[in-house]
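Biologist: I would like to go through the sheets, a pocket and the core of this model. Please give the cut-offs as the terms come up.

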Amino acid sequence: FTSQLSAAPVIEKAETGNPNIKTINVISFAPDGVLLIGDGGGSQIVAIETGDTTPIDAVSEPIADFQKKLAGHLGAPADGIEILDIAANPASGRVYLAVRRQADKQYVIVTVGTGGAIGELELDNVRYASVGLSSGEARVSLVTDVAWADDRIVAAGRSNETFSSRIFSVYTPLKHSSTTDSFSAETFHVSHRKWETKAPMSVVIPFRENGKTYVVGAFSCTPVVKYPLDSLKPGANVKGESVLELGSGNRPIDMFIYSKGGKSYVLSNTFRFHHSRKAFGPSPYWTVKFEQGVLAED
């Protein structure tokens, strides 16, 4: 499993200034503290050199009234912000949050460091590379996840075409204003009993099996699917191999790997969007755990 970030260079040709990000859908990290931002409004992935590579004493305890403190830092009431995504920088241990202020709809990258200290990643003068998410003449309107996979960046998104669920593969090192390889994603949804092309992956994880690279994707309604990347050609229509079903009515929010007792597990938190009319337990949020080896099974 490619859960560890390699030391390969991420950016070769960069720009310096403000990357002019339209929206922040998702964030994650590449090596050397490079922050990856999925910008559906701008139909792009933006890679930013944060320079945050010195290890710190990471946050290890819950922070009381965190949303209130975070909102106060941004000059907003506690209910005046929306936390869009969270990612930890492996190079430093600092936590990054993508936040939207509701009053002015402004997107902000907030950091949380030692002792819960709240800071902000200023974007006015950063070194960055942006990569357009082209899909023929179709426009990508939403980036649902982005991840680092050995020597490339993989992303999932939604466009306005018939095969609207797209996988993007971006080889590194990045050159500003470079392009991507785009693949259509077709997946059999057991709960609907048909092949579907419109539902975007809400989560992607890179995965290596027998020397080949795959993307493991989780969908709403709710297969967990793997797609081979190494043998794909630009414009290809790829059918995913379902490895697990999380059950109808659930939307995976995030997924990660951890090890315990000598075994590796996948943990996914999900939102049950039928909860209000058909409750299953006290909360619409729940978590599923399965052994990592399930992903390698045919």
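The questions below go from strands to pocket to core.

Biologist: Which conventions apply to the model and its numbering?

Modeller: The model is predicted, so local features need pLDDT of at least 70 and side-chain atom pairs count only at pLDDT 80 or more, while totals for chains, interfaces and linings use all residues. Side-chain values use heavy atoms, with hydrogens and water left out, and residues are numbered from 1 along each chain as its sequence is written.

Biologist: In what order do the five strands of the open sheet stand?

Modeller: Strands are DSSP runs of E with at least two residues, numbered from the N terminus. Two strands pair if DSSP finds at least two bridges between them. On that basis the five strands pair antiparallel, in the order S2-S10-S5-S4-S3.

Biologist: Which strands stand at the edges of this sheet, and why is one side of each left without a neighbour?

Modeller: The twist averages 30° from one strand to the next, using axes fitted to C-alpha atoms and angles from 0 to 180 degrees between N-to-C directions. An edge strand has a single partner strand, so one side has no neighbour in the sheet; the two are S2 (15-17) and S3 (26-30).

Biologist: Is strand S4 buried or exposed?

Modeller: Buried means under 20% relative accessible area and exposed over 50%, with partly exposed in between (1.4 Å probe, protein chains only). One side of S4 carries Val34, Leu36 and Gly38, the other Leu35, Ile37 and Asp39, and both faces are covered. Of the six residues in S4 (34-39), six are buried.

Biologist: Which residue takes a positive phi in the hairpin of S3 and S4?

Modeller: S3 and S4 pair antiparallel over five bridges, and Ser28 stands opposite Leu36 in S4. Three residues lie between the strands, and the one with a positive phi near 60° is Asp32.

Biologist: And which residue does so in the hairpin of S4 and S5?

Modeller: Six bridges pair S4 with S5 in the antiparallel sense, and Leu35 has Ile48 in S5 as its bridge partner. Here four residues lie between the strands, and the positive phi, near 50°, belongs to Ser43.

Biologist: What is the bridge partner of Glu49 in S10?

Modeller: S5 (residues 44-49) and S10 (residues 126-132) run antiparallel and are joined by six bridges. In S10, Glu49 is partnered by Arg127.

Biologist: Which residue in S24 stands opposite Val266?

Modeller: S24 belongs to an open antiparallel sheet of three strands, S22-S23-S24. S23 (residues 263-272) and S24 pair over seven bridges. Opposite Val266 stands Phe290.

Biologist: Which strand gives the most to the lining of the second largest pocket?

Modeller: A pocket is an open set of points on a 1 Å grid over the protein atoms alone, where a 1.4 Å probe fits, with protein on both sides within 12 Å along at least five of seven lines; lining residues have an atom within 4 Å of a point. This pocket is lined by 17 residues, with Ile21, Gln106, Tyr107, Val108 and Leu123 nearest its centre. Four lining residues come from the strand that gives the most, S8 (residues 106-112).

Biologist: Which strand gives the most to the largest nonpolar core?

Modeller: A nonpolar core is a set of buried Ala, Val, Leu, Ile, Met, Phe, Trp, Tyr and Cys residues joined through side-chain atoms within 4.5 Å. This core has 20 residues, and Val34 and Leu36 are among those that touch the most other members. With four residues, the strand that gives the most is S11.
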